[in-house]
Amino acid sequence: MSELLILENVLVPSSMIANTHGFGGTRVADCVHGDLVMRDGRAVALQPSAGTAEAAHLITPRLTECHVHLDKCHTISRMEGVGGDLAAAIEAQHRDRALWTEDDLRQRAERGLQELITAGCGVVRSHLDWSPDPATGMAPLAWHVLRELAADYKDRISLELAPLVDTTELIDPTRAKALRKEIANGGGALGVFVFNQPNRREAIRAAVRVAEKFGLALDFHVDEGLHSGLDGLEMIADILIETGFQGSVLCGHACSLINVSGDPLDALIEKIARSGLTVASLPTSNLYLQGRRTGTPDRRGITRIQELRDAGVPVVVGTDNVRDAFCPLGRHDPRKSLEIAALAAHLDPPFGDYLPMITTEAQKALGHSPTTVDGAVIEDLLIFDAASTSDWLTGTTAPKPLTDILTGDLT
């Protein structure tokens, strides 16, 4: 006999339903309303609700955080006189590394993980600076600490690691061999910092070769600036098209895309679409660091979210840095990051259209199969105190796992 559970009077964003015609429910703006039917531990339908009250709860899959830096987070309180552009942040964070002990890294990264879990995340990818120990040449301490945390928290959240390397690490054969072996053993993604290095095209090719050989995902920090001459994103697209690489490729930042407009922008975005890559907008750090001049900035450090999406390029949103030299404020919460992206990029309602940027599209960007509400196991679903997607996006109350709801009456 099948087990049946009914959760009364809830909303589900339409963008979170794969089979919108077969799942049922009554359309309410960008959501559907009804009683959620769960059979044998899976959500199978929305049936008409007997209640007349307005729904006050909204159901989504667990959130996906595509880009954070758990090795750096929560260090700002011990820094003095921090501020400035990307170069200043890199220098300040480099000085702070002298304080990175095993206990320090674990305490800060664990705090970040707890924030992500509270926010409702099921999957997170964290970059970490890949600076091998100069004496031993071994992997950095953060790699070992974060791998231990990934194992410790595997029943609560899936933590994926992406060592972030400079292009020089990839074109040096000895260093590249040690790096790819370590990453392959750790099952992570290969992260590459592509800025204005003279060897960046060669390094991108090397990264693609390594990813193909070892079955790794690629995750680039690319064109993290607003000045002219940053063309890494186009290089990546060209090389992906040329090689026919079929793996997962995520390109974070892409701020300099804002410098291109008109026909050149259309041509570049068409190329990006053909390459199959996904762009990650990282609004908090980019708004804080980019466009710095004397006084109030007059340029936005954010990529062309609307134009990319209109052309069919998948765009996701990540939290990036939290309370460190790159962004001295914030918390690990994809919902908050999406809210900031909506404000910065003028993303207009309905806000349910953008929910995939921190759920289904973000899962695909990390190489996972997307989870929608219809057909999801109960353990993969969240319930929010929200009466609309606008209410959901601006909410401050933490979601609850659906497994915590023991009865069908939420009133």
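**Figure 1. Salt bridges across the whole model.** A search of the whole structure turns up 21 salt bridges. Keep in mind as you look around that this is a predicted model. One of the pairs is Asp129 with Lys72, whose closest N and O atoms are 2.8 Å apart. Asp129 belongs to strand E7 and Lys72 to the loop between E6 and helix H2 (86–96), so this pair ties together parts that lie 57 residues apart in sequence. Is Lys72 buried or exposed? With a relative accessible area of 3%, Lys72 is buried.

**Figure 2. A salt bridge between strands E7 and E10.** Here Asp219 and Arg125 form a salt bridge, with 2.8 Å between the closest N and O atoms. Asp219 sits in strand E10 and Arg125 in strand E7, 94 residues apart, and the pair links these distant parts of the chain. Asp219 counts as buried at 0% relative accessibility, and Arg125 is buried as well, with a relative accessible area of 2%. Elsewhere, salt bridges that share partners join Arg78, Asp96, Asp104 and Arg108 into one network.

**Figure 3. A salt bridge within helix H3.** The side chains of Arg111 and Glu115 meet in a salt bridge, at 3.8 Å from N to O. How many residues apart are they? Both lie in helix H3 (residues 102–119), four residues apart, which is about one turn of the helix. An α-helix has 3.6 residues a turn, so residues three or four places apart point the same way. Arg111 is partly exposed, with a relative accessible area of 39%.

**Figure 4. The eight-stranded sheet.** Try following the strands in order: E6-E7-E8-E9-E10-E11-E12-E13 make an open sheet of eight strands with parallel pairing. Which strands form the edges? They are strand E6 (63–68) and strand E13 (315–317), each of which pairs on one side only. On average, neighbouring strands of the sheet are turned by 25 degrees against each other, direction ignored.

**Figure 5. Neighbouring strands in close-up.** Strand E9 (residues 190–194) and strand E10 (residues 218–222) run parallel and are joined by five bridges. Look for Phe193, which stands opposite His221 in E10. Further along the sheet, strand E11 (residues 249–253) and E12 also pair in the parallel sense, over three bridges. Cys251 has Val279 in E12 as its bridge partner. In strand E12 (residues 278–281), Thr278 and Ala280 point one way while Val279 and Ser281 point the other way, and all are buried.

**Figure 6. Helix H12 lying across the sheet.** Helix H12 (residues 334–344) lies across E6, strand E7 (121–129) and E13, and runs at about 75 degrees to E6. Eight of the 11 residues of H12 are buried, so the helix is largely enclosed by the rest of the structure. The buried residues of H12 include Pro334, Leu338 and Glu339. At the start of H12, a side-chain oxygen of Asp333 comes to within 3.0 Å of the backbone nitrogen of Arg335. After H12 comes His346, which has a positive phi, near 55 degrees.

**Figure 7. The nonpolar cores.** The largest nonpolar core holds 105 residues, and those with the most contacts inside it are Leu36, Ile59, Leu190, Phe220, Leu277 and Leu402. Which helix gives the largest share of this core? Helix H7 (residues 200–214) does, with seven residues. To see one member up close, find Leu277: beyond the residues up to four places away in sequence, Leu277 touches several others, among them Leu233, Ile236, Val249, Cys251 and Val313. Apart from the largest core lies another core, of 12 residues, including Met79, Ala92, Leu164 and Leu289.

**Figure 8. The surroundings of Pro13.** This last view is centred on Pro13, found in strand E1 (residues 4–13). Pro13 is buried, with a relative accessible area of 0%. Which residues is Pro13 in contact with, leaving aside its neighbours within four places in sequence? They are Asp30, Cys31, Leu58, Ile59, Thr60, Leu355 and Thr389. Phe214 is 201 residues from Pro13 along the chain, and the C-alpha atoms of these two residues are separated by 38 Å.

Conventions
Residues are numbered from 1 along each chain as its sequence is written. This is a predicted model: local features need pLDDT of at least 70, side-chain atom pairs count only at pLDDT 80 or more; totals for chains, interfaces and linings use all residues. Side-chain values use heavy atoms; hydrogens and water are left out. Two strands pair if DSSP finds at least two bridges between them. Helices (H or I, at least four residues) and strands (E, at least two) are DSSP runs, numbered from the N terminus. Axes are lines fitted to C-alpha atoms, for helices over the stretch in contact, and angles run from 0 to 180 degrees between N-to-C directions. Contact means heavy atoms within 4.5 Å. A salt bridge is a side-chain nitrogen of Lys or Arg within 4 Å of a carboxyl oxygen of Asp or Glu. Buried means under 20% relative accessible area, exposed over 50%, partly exposed in between (1.4 Å probe, protein chains only). A nonpolar core is a set of buried Ala, Val, Leu, Ile, Met, Phe, Trp, Tyr and Cys residues joined through side-chain atoms within 4.5 Å. A polar contact is a pair of N or O atoms within 3.5 Å; within protein, one must be able to donate a hydrogen and the other to accept it, and residues adjacent in sequence count only if both atoms are side-chain atoms.
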